[in-house]
Amino acid sequence: VPNDLVIVMLPWEEHKRRLIEKSRGEHYDAGAKATEEGFALVQRHREWTQKIAQEKNIPIVDSIDAAIDLVRSREME
């Protein structure tokens, strides 16, 4: 796993809010729907992502800024 690999996963409530906004917009790309079924699918994907990240020792952060900070801090090592 490359040393500069970081996964950004928004906190669930923020992720859910963005899914709802996206599904109402004119550029909806038919990804996960803002339904209970769609949210359950996204939750399962998040759980799978967390499992793989833990197995591969890939950090998960909650924002792009946190990912950038982490990668930059590793460059200083």
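This is a tour of a predicted model, moving from one selection to the next.

Residues are numbered from 1 along each chain as its sequence is written, and side-chain values use heavy atoms, with hydrogens and water left out. Because the model is predicted, local features need pLDDT of at least 70 and side-chain atom pairs count only at pLDDT 80 or more, while totals for chains, interfaces and linings use all residues.

**Helix 2**

Begin by selecting residues 36-56, which make up helix 2; helices (H or I, at least four residues) and strands (E, at least two) are DSSP runs, numbered from the N terminus. At 1.5 Å a residue, the 21 residues of helix 2 should span 30 Å, and its end C-alpha atoms are indeed 30 Å apart, which agrees; the expected span of a helix is 1.5 Å times one less than its number of residues.

Next, colour Gly38, Phe39, Val42, Arg46, Thr49 and Ala53, which are the buried residues of helix 2. These residues cover an arc of only 95° around the axis, which puts them on the same side of helix 2; the arc is that of the directions from the helix axis to the C-beta atoms. Buried here means under 20% relative accessible area, exposed means over 50%, and partly exposed lies in between (1.4 Å probe, protein chains only). An α-helix has 3.6 residues a turn, so residues three or four places apart point the same way.

Turn to the other side of helix 2, where Glu36, Glu37, Glu47, Trp48, Gln54 and Glu55 are exposed. To see what the buried residues of helix 2 pack against, add strand 1 (7-8), helix 1 (12-24) and strand 2 (60-61) to the display. Just after helix 2, select Asn57, whose phi is positive, near 60°.

**Two buried residues of helix 2**

Centre the view on Arg46, which belongs to helix 2. Arg46 is buried yet has no salt bridge, the nearest side chain of opposite charge being that of Glu47, 7.9 Å away. For this purpose Lys and Arg count as positive and Asp and Glu as negative, whereas His and the chain ends are not counted; a salt bridge is a side-chain nitrogen of Lys or Arg within 4 Å of a carboxyl oxygen of Asp or Glu.

What does the side chain of Arg46 reach? It reaches the backbone oxygen of Leu10, at 2.9 Å. Not counting residues up to four places away in sequence, Arg46 touches Met9, Leu10, Pro11, Trp12 and His15, where contact means heavy atoms within 4.5 Å.

Move along helix 2 to Thr49, which counts as buried at 13% relative accessibility. A polar atom of the Thr49 side chain lies 2.8 Å from the backbone oxygen of His45. With its neighbours within four places in sequence left aside, Thr49 is in contact with Ile7, Met9 and Ile60.

**The salt bridges of helix 1**

A search of the whole structure finds four salt bridges, and the next selections show some of these. Select Glu14 and Arg17, which form a salt bridge whose closest N and O atoms are 2.6 Å apart; being three residues apart in helix 1, Glu14 and Arg17 are separated by about one helical turn. Then add Arg18, with which Glu14 also forms a salt bridge, the closest N and O atoms being 2.7 Å apart. Glu14 and Arg18 are four residues apart in helix 1, about one turn of the helix.

Finally add Glu21, which forms a salt bridge with Arg17, the closest N and O atoms being 2.2 Å apart; Glu21 and Arg17 also lie four residues apart in helix 1, about one turn of the helix. Salt bridges that share partners join Glu14, Arg17, Arg18 and Glu21 into one network.

With the network on display, its accessibility can be taken residue by residue. Glu14 counts as partly exposed at 23% relative accessibility, and Arg17 is partly exposed with a relative accessible area of 36%. Arg18 counts as partly exposed at 44% relative accessibility, and Glu21 is partly exposed with a relative accessible area of 47%.

**Two distances across the model**

Select Met76, in the segment after helix 3 (64-75), which is exposed with a relative accessible area of 74%. The C-alpha atoms of Met76 and Arg17 are separated by 36 Å, the two residues being 59 residues apart along the chain.

For the last stop, return to helix 2 and select Ala40, which is partly exposed with a relative accessible area of 31%. The C-alpha atoms of Ala40 and Arg72, 32 residues apart along the chain, are separated by 34 Å.

Note on methods
Polar contact = N/O pair within 3.5 Å; in protein donor to acceptor, adjacent residues only side chain to side chain.
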